[in-house]
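Let's walk through this structure together, step by step. Have a look at the sequence and the model first, and then read on.

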Amino acid sequence: MARASAARCSSMIAFLLLLALAGTSSAQLSTSFYSYSCPGVFNAVKSVMQSAVAKEKRMGASILRLFFHDCFVQGCDASLLLDDTSSFQGEKMATPNNGSVRGFEVIDAIKSAVEKVCPGVVSCADILAIAARDSVVILGGPSWDVKVGRRDSTTASFSGANNNIPPPTSGLANLTSLFAAQGLSQKDMVALSGAHTIGLARCTNFRAHVYNETNIDGAFAKTRQSGCPSTSGSGDNNLAPLDLQTPTVFENNYYKNLVSKKGLLHSDQELFNGGATDAQVQSYLSSQSTFFQDFVAGMIKMGDITPLTGSSGQIRKNCRRVN
C-alpha cells in the first residue's frame, strides 16, 4: 500500500516537473504550431517577401535586421513593431533603431495577407521570425524550419533597445558579453554576424573605422571615405554595402572581407583582429556549408529567446499597436 502510494507520489512529481518544463522559454514553440489552425501561413509570408525583395533586394537584409533587433529586447515578441504614441514609448526611436530600422510596411503587408488566410491566429512575432528566414533563403542562403507559437507583447523597452543591441563601435569583449546576455555563445555571435553578408550601413556607423583605425585595408578605407565625409553631421545617412563584393547575396564573402581587413564596421573587423574568434572566421572562409550550418543553429537559438506563449501577451490585430 505504502509502495503504491509512493509510486503515485513520484508519478505526480514527474508530471509536475513536465508541466514546469513546458513553461520554459522555447518549450511551447513548435514547427507544427499552425499545422491545423493556419496551414497557409508559410506560403502567405513567403509570397509577400518574394515580392518585396524582387522590388528592392535590400529589403531582405532589413527584415532580417528587424528580427535581430526585436529578439535582443524582451525576447522575440514583436515589441520593435509597436509605434510610439502620446502615451506609449516604443523602441523605434532608440539609438540603434532611429533612422535605420526599416521594412515595417512589408510586415504590415504580410500581416494583412495572413489575416486573409486565417484571421486572429498568427502573431506578428511569428510573422517576423518566418519573414527573416524567407529573406535569407530568397537571397541565396540556407533554409530551416521556423519554430512558431510566439505571442505579441503589449509592452516595449526603449532602454532595452538602447542597452541590449550591440553598437557598431563594440569591441570583441562587448560583443561577446551582449550576446551572452541573450543566452548566445561567442560561436553563435560570429555566425550570426554573417548576416552582414547582405545589406547596407550608414556613414555615421562606419566613419570612425574608415578614417581613424589602422586594422583596415588602405585602398578599401579610401573607397569608403569617398562616400562618407569625415565631418560628423555631413553625409551621415550615406550608405555603403556591408559586404563589399555581393551585398544582395547571402554567402560567406563577409568572412573573406574580414580576413582581407575589409570589414565595414569596427565591430565587424573585431571578429578577425588577432583575437579568440579568428579561427572561426577562417573556418567559415574555408567552408560556406559550415557557416550556413552554424548560422541556422544561431537563428533557431535566437528565435527561442524568451517568447511569450500560452496565455501571455496577445495576437495583435495590427502589428503597430496593442489591441
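Before we begin, one term will help: two residues are said to be in contact when heavy atoms of theirs lie within 4.5 Å. Please also keep in mind that what you see is a predicted model.

With that term in hand, start at Pro 247, which sits in the loop between strand E2 (239–241) and helix H11 (253–259). Setting aside its neighbours within four places in sequence, Pro 247 is in contact with Thr 197, Ile 198, Gly 199 and Pro 241. Ile 198 deserves a second look: 49 residues separate Pro 247 and Ile 198 in sequence, yet their C-alpha atoms are 4.4 Å apart in space. Pro 247 has a relative accessibility of 25%, so it counts as partly exposed.

Now step back to the whole chain. Its secondary structure comes to 14 helices and two strands. What radius of gyration would a compact globule of 323 residues have? It would be near 20 Å, and the chain has 21 Å, which agrees. Along the principal axes, the C-alpha atoms fill a box of roughly 80 × 45 × 35 Å. Among contacts with a separation of 6 or more, 75% join residues 24 or more positions apart. Buried residues account for 48% of the 323 in the chain.

The surface and the charges can be described briefly too. About 14200 Å² of the chain is exposed, and 55% of that area is supplied by carbon and sulfur atoms. There are 28 positive and 24 negative side chains, and the centres of these two sets lie 4 Å apart.

Next, find helix H5, which runs over residues 124–138. Its 15 residues reach 20 Å from the first C-alpha to the last, close to the 21 Å expected at 1.5 Å a residue. How many of the residues of H5 are buried? The count is 13 of the 15, so the helix is largely enclosed by the rest of the structure. Just after H5 comes Gly 140, with a positive phi of about 100°. A little further along, Lys 147 lies in the loop between H5 and helix H6 (158–164). With a relative accessible area of 23%, Lys 147 is partly exposed. Its C-alpha atom is separated by 15 Å from that of Tyr 36, and the two residues are 111 positions apart along the chain.

Backbone angles give us another stop. Most residues other than glycine have a negative phi. Ala 78, however, has a positive phi, near 65°. You will find Ala 78 in the loop between helix H3 (58–71) and helix H4 (104–117). Is Ala 78 buried or exposed? Its relative accessibility is 0%, so Ala 78 counts as buried. Thr 306 also has a positive phi, near 25°, and belongs to the segment after helix H14 (288–303). At 47% relative accessibility, Thr 306 counts as partly exposed.

Two more residues, each within a helix, round off the walk. Phe 220 lies in helix H10 (residues 218–225) and, with 4% relative accessibility, counts as buried. Leaving aside neighbours within four places in sequence, Phe 220 is in contact with Leu 244, Lys 261, Lys 262, Gly 263 and Leu 264. Asn 43, on the other hand, is 177 residues away from Phe 220 along the chain, and their C-alpha atoms are separated by 41 Å.

The other residue is Gln 280, placed in helix H13 (residues 278–286). Why does Gln 280 count as buried? Buried means under 20% relative accessible area, and Gln 280 has 16% relative accessibility, so it falls in that class. Beyond its neighbours within four places in sequence, Gln 280 is in contact with Gln 186, Lys 187, Val 190 and Ala 191. Thr 290 is ten residues from Gln 280 along the chain, with 9.9 Å between their C-alpha atoms.

Terms used
Residues are numbered from 1 along each chain as its sequence is written. This is a predicted model: local features need pLDDT of at least 70, side-chain atom pairs count only at pLDDT 80 or more; totals for chains, interfaces and linings use all residues. Side-chain values use heavy atoms; hydrogens and water are left out. Helices (H or I, at least four residues) and strands (E, at least two) are DSSP runs, numbered from the N terminus. The expected span of a helix is 1.5 Å times one less than its number of residues. Buried means under 20% relative accessible area, exposed over 50%, partly exposed in between (1.4 Å probe, protein chains only). The radius of gyration is taken over C-alpha atoms; the globule rule is 2.2 Å times the number of residues to the power 0.38. Accessible areas come from the Shrake-Rupley method with a 1.4 Å probe; for residues, only the protein chains shown count as cover. Lys and Arg count as positive and Asp and Glu as negative; His and the chain ends are not counted. The place of a charge is taken as NZ of Lys, CZ of Arg, CG of Asp or CD of Glu.
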